[in-house]
Amino acid sequence: MTDFEVQVANSDLSKGADPSDMPPAQYPQFDNNTVPTAPPDLQPYPPQPYPVQQYQIPPPSYDSEQYPTKEPPQAVQVVVQKQPQNAVVVRSAHAGVPQSFMRLSVTTLIFTLLCAWPLLLCSIPALLFSASSKSKALQGDFETATTHAKLALGLNVTALLGFVVLIIIIIVVRVANS
């Protein structure tokens, strides 16, 4: 039991008395010079000495005077021999493949079927050349595919221009007769 516990046990505080009713002489007295200590098993670690640090000298700066540059190595002659190889040409599916104008051909065929039958002479061959262009491109014959695509485009443009001219002629005739 510590000194404080002994003094409290002997005082009236242990019996439930109110400390404000007690005269000041009955308060537990402590010596101001003593420092309360913890039990030995709870004592803090003893102070540890600071570690001694060894400082390294920083490396010197890389001046050209301290560290002269090395001369480049002597030129070495390298002989490269090419082995004969077969050339393989690979073409991408999208690079260099011409358009077949299939959508344009189908659209032109529908317009000519509905309104301008004489222009079927242009729109049906345009559809056939578009299909041929597409199949030649899939076979890898890009030159023929390009030629057939250009023919299909020309026939489609001819059919559409003929369709527009035919519509204009019909309008002019109707206006003139009225």
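This section describes the helices of a predicted model and the contacts that three of its residues make.

The protein comprises four helices and zero strands, and its elements follow the order α-α-α-α from the N terminus. Of its 178 residues, 15% are classed as buried. Among the contacts with a sequence separation of 6 or more, 57% link residues that lie 24 or more positions apart.

Two packed helices are described by the angle between their axes and by the distance between those axes. In these terms, helix α3, formed by residues 120-139, and helix α4 have axes that come within 8 Å and cross at roughly 160°. Because angles over 145 degrees count as roughly antiparallel, α3 is described as roughly antiparallel to α4. The crossing of α3 with α4 is left-handed. On the α3 side, the contact is made by C122, S123, P125, A126, F129, S130, S132, S133, K136 and A137. The α4 side contributes F142, T144, A145, H148, A149, L151, A152, L155, N156, T158 and A159. By class, the residues of this contact are twelve nonpolar, eight polar and one charged.

Helix α4, spanning residues 142-177, also meets helix α2, which spans residues 102-114. The axes of α2 and α4 come within 10 Å and cross at roughly 30°. Angles under 35 degrees count as roughly parallel, and α2 is therefore roughly parallel to α4. The crossing of α2 and α4 is left-handed as well. In this contact, L104, S105, T108, F111 and T112 of α2 meet L153, N156, A159, L160 and F163 of α4. The residues involved divide into six nonpolar and four polar, with no charged residue.

Two serines of helix α3 were examined individually. S123 belongs to α3 and has a relative accessible area of 0%, so this residue is buried. The side chain of S123 forms a polar contact of 3.0 Å with the side chain of T112. When residues up to four places away in sequence are left out, S123 touches T108, L109, T112 and A159. T108 and T112 belong to the α2 side of the contact between α2 and α4, and A159 to the α4 side.

S130 is likewise located in helix α3. With a relative accessible area of 0%, S130 is buried. The side chain of S130 reaches the backbone oxygen of A126 at a distance of 3.0 Å. A polar atom of the same side chain lies 3.4 Å from the backbone oxygen of F101. Beyond residues up to four places away in sequence, S130 touches S100, F101, M102, S105 and A152. Of these, A152 is one of the α4 residues in the contact with α3, while S105 is one of the α2 residues that meet α4.

A third residue, T146, lies in helix α4. T146 has 28% relative accessibility and is therefore classed as partly exposed. A polar atom of the T146 side chain is placed 2.7 Å from the backbone oxygen of F142. F142 is itself among the α4 residues that contact α3. T146 and K134 are twelve residues apart in sequence, and their C-alpha atoms are 9.4 Å apart in space.

Key
Residues numbered from 1 in each chain as written. Predicted model: local features only at pLDDT ≥ 70, side-chain atom pairs only at ≥ 80, totals over all residues. Heavy atoms only, no water. Axes fitted to C-alpha atoms, helices over the stretch in contact; angles between N-to-C directions. Parallel < 35°, antiparallel > 145°, perpendicular 65-115°, else oblique. Left-handed = near helix turned anticlockwise from the far one by under 90°. Contact = heavy atoms within 4.5 Å. Nonpolar A, V, L, I, M, F, W, Y, C, P; charged D, E, K, R; others polar. Buried < 20%, exposed > 50% of the residue type's maximum accessible area, 1.4 Å probe, protein only. Polar contact = N/O pair within 3.5 Å; in protein donor to acceptor, adjacent residues only side chain to side chain.
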